[in-house]
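New to this one? Have a look around the fold first, and then we'll walk through it piece by piece.

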Amino acid sequence: MTNHYEVVIIGSGAGGGTLARCLAEAGKKVLVLERGDWLPREPQNWDPTEVFQNNRYVSVDPWKDRNNKQFQPGSHYFVGGATKLYGAAHFRLRERDFEELIHVDGISPAWPLRYNDFEPYYTRAEAMYHVHGERGEDPTEPSASAPYPYPPIKHEPRMQQLVDGFKAAGLHPFHAPTGVNLDEANLPFSACVKCNRCDGFPCLLHAKGDAEVMGIRAGLGLANSSLTLLTRCHVLKLITNLAGDTITEVLVDRDGEKLKFTGDIVVVSCGAANSARLLLMSANDKHPNGLANRSDQVGRNYMYHNCKAVVALGREPNDTIFQKTIAVNDWYFGDNDFDFPIGNIQMTGKTNGAMMKGYKPKLTALAPTWSMDKLAERSLDFWLQTED
Ligand SMILES: Cc1cc2nc3c(=O)[nH]c(=O)nc-3n(C[C@H](O)[C@H](O)[C@H](O)COP(=O)(O)OP(=O)(O)OC[C@H]3O[C@@H](n4cnc5c(N)ncnc54)[C@H](O)[C@@H]3O)c2cc1C
């Protein structure tokens with residue numbers, strides 16, 4: 001096995017998988033080291049009990065909290081990383097998100113890079129991930145150099161009714177930007193069948209815009225592809241030269257065997273927590289606090305969107321199948337009586353009883369005795385995402 005590459009990428013998720021394809025298209029000799037394996041294609045991919053209650057695709061890797069208490073995070077160590085299970089919602093940040101922004105709990109400082117630096121890459125990513133949407137509907141939308149590459153996904157009747165209701169209330173609902181390989185104009189030939197097994201499920205049809213399908217597989221499938229993927233390769237340490245200014249080797253555990261790889265460039269894209277972990281585990285004499293950690297901030301200040309699924313119960317059944325077509329950003333930067341950013345509202349995939357059981361909802365006085373199936377029949381399922 002050749003061990004030297006122009007670029008060694010660690011992790012094959014949204015970051016690593018996307019980069020791998022782009023570099024392979026540019027003819028670079030690239031190695032992707034992924035600790036997980038291919039996510040198996042099996043009937044359980046679409047079984048809500050397996051996915052939401054039995055956590056079949058959560059990779060066992062217990063972490064410890066600050067009190068040394070063990071917990072299991074929602075990790076997905078597969079080719080494609082967390083995107084194998086993600087909801088395929090492709091929102092861009094807004095211009096103001098990159099500037100100093102005053103939040104209710106403090107100031108988010110300006111980024112060293114601004115929206116315009118990212119804009120061309122957002123446009124490329126939307127094409128690569130098959131994003132459907134409609135520009136001009138969302139008043140908070142940032143500028144874009146191209147229309148969405150694919151048309152907005154049509155609302156089903158109950159969703160259209162909800163859109164009309166939102167508009168009548170003075171809101172500005174818009175078509176949620178969603179990355180799926182869907183051709184609504186020619187459904188018999190479409191890869192995506194617009195089913196209700198998208199959000200939180202692996203796609204059995206490989207029709208979701210995930211980093212395995214749109215990144216790694218697309219890169220491997222290029223004619224004379226210069227991309228190599230090695231699965232089950234857990235990177236343990238980045239080894240530097242004596243001066244501590246160059247990574248000379250990447251140390252890997254593969255099924256108990258230790259392997260070493262070298263690259264002109266090494267990219268750490270193991271996800272937010274595991275990238276920090278790898279840099280910290282790579283401490284040496286020159287870098288006693290870990291690599292790239294002169295600031296002592298690596299692994300600290302983790303920011304996260306606070307998310308909550310909220311279910312509204314309608315009087316009538318909600319027979320929507322593909323529910324993820326609406327989003328609302330009217331409170332993204334605040335409200336008349338609240339001067340700070342609040343967040344975004346989108347739909348989750350349409351829930352059913354088994355999924356709802358997995359969410360462990362707090363039942364209100366409204367329907368205390370209803371079965372999960374009965375709740376799900378009536379539910380309109382929202383995803384509220386607020387600033388950390
Ligand atoms: C259920 C769910 C739904 C989501 N929905 C959305 C959504 O709709 N829209 C959205 O924008 N975001 C969504 N997200 C978040 C999104 O998936 C992540 O932000 C994104 O995947 C992060 O990309 P990443 O490349 O940083 O990490 P990941 O995609 O997690 O990839 C990291 C990869 O690195 C590998 N790895 C880790 N450590 C090592 C190591 N030491 N050696 C080798 N390999 C390693 C992992 O196995 C993994 O494959 C969702 C996430 C989840 C879990």
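How many residues lie between S11 and S12 in their hairpin? There are six, and Gly244 in that turn has a positive phi of about 80°. Keep in mind as you read on that this is a predicted model.

**The whole chain**

Let's step back for a moment. The chain holds eight helices and 17 strands. Its radius of gyration is 22 Å, close to the 21 Å that the globule rule gives for 388 residues, so the chain is as compact as a globular protein of that length. If you draw a box along the principal axes, the C-alpha atoms fill roughly 70 × 50 × 45 Å. Buried residues make up 45% of the 388 residues. As for contacts with a separation of 6 or more, 64% come from residues 24 or more positions apart.

**The six-stranded sheet**

Now back to S11 and S12, which belong to an open sheet of six strands. Reading across, the order is S10-S2-S1-S13-S12-S11, and the pairing is mixed. The edge strands are S10 (227-230) and S11, each of which pairs on one side only. From one strand to the next, the twist averages 40°. As a reminder, strands of a sheet pair through backbone hydrogen bonds, either parallel or antiparallel.

S11 and S12 run antiparallel and are joined by seven bridges. One spot to look for is Cys233, which stands opposite Arg254 in S12. S12 (residues 247-254) also runs antiparallel to S13, with five bridges joining the two. Here Leu251 has Lys260 in S13 as its bridge partner, while Val252 is partnered by Leu259 in S13. S12 and S13 form a hairpin too, with two residues between the strands, and Asp255 takes a positive phi near 50° there.

**Helices lying across it**

Two helices are worth finding next. H1 (residues 14-25) lies across S1, S2 (30-33), S10 and S13, and it runs at about 155° to S1. H6 lies across S1, S11 and S13, running at about 45° to S11.

What do the buried residues of H6 pack against? They pack against S1 (4-10), S3 (63-64), S11 (233-240) and S13 (257-268). H6 itself covers residues 272-281, and its buried residues are Asn274, Ser275, Ala276, Leu278 and Leu279.

**The five-stranded sheet**

There's another open sheet to look at, with five strands in the order S8-S15-S16-S17-S14 and antiparallel pairing. S8 (174-175) and S14 (306-313) stand at its edges with a single partner strand each, so one side of each is left without a neighbour in the sheet. Further in, five bridges join S16 (residues 343-347) to S17 (residues 379-386), and these strands run antiparallel. Gln346 stands opposite Trp383 in S17.

**Rings and charges**

Time for the aromatics. A search of the whole structure finds 13 aromatic pairs. One of them is Tyr332 with Phe333, an edge-to-face pair at 4.8 Å centre to centre with 75° between the planes. Tyr332 and Phe333 are both buried. Phe333 has a charged visitor as well: Arg96 lies over its face, at 4.0 Å from the ring centre. Elsewhere, the charged end of Arg35 sits over the ring of Tyr77, 4.0 Å from the centre of that ring. You can also pick out one aromatic cluster formed by Phe98, Trp111, Tyr115, Phe118 and Tyr122.

**Two loop residues with positive phi**

Most residues other than glycine have a negative phi, and most peptide bonds are trans. That makes the next two residues handy to set side by side.

| Residue | Phi | Loop | Relative accessibility |
|---|---|---|---|
| Asn68 | near 70° | between S3 and S4 (70-71) | 57% |
| Ala292 | near 55° | between H6 and S14 | 64% |

Are these two buried or exposed? Asn68 counts as exposed because its relative accessibility of 57% is over the 50% cut-off. Ala292, at 64%, counts as exposed as well.

Terms used. Residues are numbered from 1 along each chain as its sequence is written. This is a predicted model: local features need pLDDT of at least 70, side-chain atom pairs count only at pLDDT 80 or more; totals for chains, interfaces and linings use all residues. Side-chain values use heavy atoms; hydrogens and water are left out. Buried means under 20% relative accessible area, exposed over 50%, partly exposed in between (1.4 Å probe, protein chains only). Helices (H or I, at least four residues) and strands (E, at least two) are DSSP runs, numbered from the N terminus. Contact means heavy atoms within 4.5 Å. Two strands pair if DSSP finds at least two bridges between them. Axes are lines fitted to C-alpha atoms, for helices over the stretch in contact, and angles run from 0 to 180 degrees between N-to-C directions. Rings of Phe, Tyr and Trp (its six-membered ring) pair if their centres lie within 6.5 Å; planes under 30 degrees apart count as stacked, over 60 as edge-to-face and the rest as tilted. A charge sits over a ring if NZ of Lys or CZ of Arg is within 6 Å of the ring centre and within 35 degrees of the ring normal. The radius of gyration is taken over C-alpha atoms; the globule rule is 2.2 Å times the number of residues to the power 0.38.
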